[in-house]
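Colleague: I would like to go through the labels used for this model and hear what stands behind each of them. Could you set each value against its cut-off as we go?

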Amino acid sequence: MADDLSPKNRIRIEVDRGLCIGSGDCVDSAPEVFELDAEDKARVIDPDGAPTDEVVEAAGNCPVTAIFVFGEAGELYP
Ligand code: SF4
């Protein structure tokens, strides 16, 4: 049982800061889930801030595939 999954969506989101180029697409797609930090890198503010399919869609909008989404059954994206 993975205890690091979010309470509602039951997902975990990871942003690879080394890959992130700060384009902000994820923030535009799901502003309740992602924000840009002081270094212009995306970070997760709330994995339950949007429905899972919107989180996955936001991950898909990342131009450098820096967002990884995991669910109870494993990797949801990519
Ligand atoms: S869409 Fe990708 S590259 Fe752009 S800010 Fe988000 S994680 Fe970074």
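Modeller: Gladly, and please keep in mind throughout that this is a predicted model. A convenient place to begin is Arg10, which is found in the segment before β1.

Colleague: Why is Arg10 counted as partly exposed?

Modeller: The relative accessibility of Arg10 is 25%, and since buried means under 20% and exposed means over 50%, a value in between makes Arg10 partly exposed. The backbone of Arg10 also deserves a note, as its phi is near 60°, a positive value in a residue other than glycine.

Colleague: Which place does Asp40 have in the chain, and what makes Asp40 partly exposed?

Modeller: Asp40 belongs to the loop between β2 and β3, and phi of Asp40 is near 60°, again a positive value in a residue other than glycine. Its relative accessibility is 47%, and because the exposed class begins only over 50%, Asp40 is counted as partly exposed.

Colleague: What makes Asp28 exposed?

Modeller: Asp28, which is found in helix α1, has a relative accessible area of 64%, and because exposed means over 50%, Asp28 is called exposed.

Colleague: How do you know that Arg17 and Asp37 meet in a salt bridge?

Modeller: The N to O distance between the side chains of Arg17 and Asp37 is 2.7 Å, and because the cut-off for a salt bridge is within 4 Å, the pair qualifies. The pair links distant parts of the chain, with Arg17 in the loop between β1 (12-15) and α1 (25-29) and Asp37 in the loop between β2 (34-36) and β3 (42-44), 20 residues apart. As for their surroundings, Arg17 has a relative accessible area of 33% and is partly exposed, whereas Asp37, at 12%, counts as buried, because 12% falls under the 20% limit.

Colleague: What makes Asp4, Arg12 and Glu14 a network of salt bridges?

Modeller: Asp4 forms a salt bridge with Arg12, their closest N and O atoms being 2.8 Å apart, and Arg12 forms another with Glu14, where the closest N and O atoms are 2.1 Å apart. Because both distances are within 4 Å, both pairs count as salt bridges, and Arg12 takes part in each of them. In general, side chains of opposite charge can pair when their charged atoms come close. Asp4 at 45%, Arg12 at 24% and Glu14 at 36% are partly exposed. The structure holds six salt bridges, counting those beyond this network.

Colleague: How do you know that the buried residues of α2 line one face of the helix?

Modeller: In helix α2 (residues 52-60), the buried residues are Val55, Ala58 and Ala59. Seen down the axis of α2, these buried residues fall within an arc of 100°, so they line one face of the helix. The general background is that an α-helix has 3.6 residues a turn, so residues three or four places apart point the same way. The face of α2 turned away from its buried side carries the exposed residues Asp53 and Glu57.

Colleague: Why is Thr65 called partly exposed?

Modeller: Thr65, in the loop between α2 and β4 (67-71), has a relative accessible area of 31%, and because this lies between the 20% and 50% limits, Thr65 is partly exposed. Thr65 and Asp16 are 49 residues apart in sequence and 8.7 Å apart in space, C-alpha to C-alpha.

Colleague: What makes the peptide bond between Tyr77 and Pro78 cis?

Modeller: The omega angle of the bond that joins Tyr77 and Pro78 is about 0°, and the bond is cis; Pro78 is found in the segment after β5 (74-77).

Colleague: Where does the ligand sit, and which residues are the closest to it?

Modeller: The ligand sits in the largest cavity, and 13 residues surround it, the closest being Cys20, Ser23, Gly24, Cys26 and Cys62. By class, this shell has nine nonpolar, three polar and one charged residues.

Terms used:
Residues are numbered from 1 along each chain as its sequence is written. This is a predicted model: local features need pLDDT of at least 70, side-chain atom pairs count only at pLDDT 80 or more; totals for chains, interfaces and linings use all residues. Side-chain values use heavy atoms; hydrogens and water are left out. A residue is near a molecule or strand if one of its heavy atoms lies within 4 Å of it. On a 1 Å grid over the protein atoms alone, a cavity is a set of points where a 1.4 Å probe fits but cannot get out, and a pocket is an open set with protein on both sides within 12 Å along at least five of seven lines; lining residues have an atom within 4 Å of a point. A molecule sits in a cavity or pocket if more than half of its atoms lie within 2 Å of its grid points. Ala, Val, Leu, Ile, Met, Phe, Trp, Tyr, Cys and Pro count as nonpolar, Asp, Glu, Lys and Arg as charged, and the others, Gly among them, as polar. Buried means under 20% relative accessible area, exposed over 50%, partly exposed in between (1.4 Å probe, protein chains only). Helices (H or I, at least four residues) and strands (E, at least two) are DSSP runs, numbered from the N terminus. The arc is that of the directions from the helix axis to the C-beta atoms.
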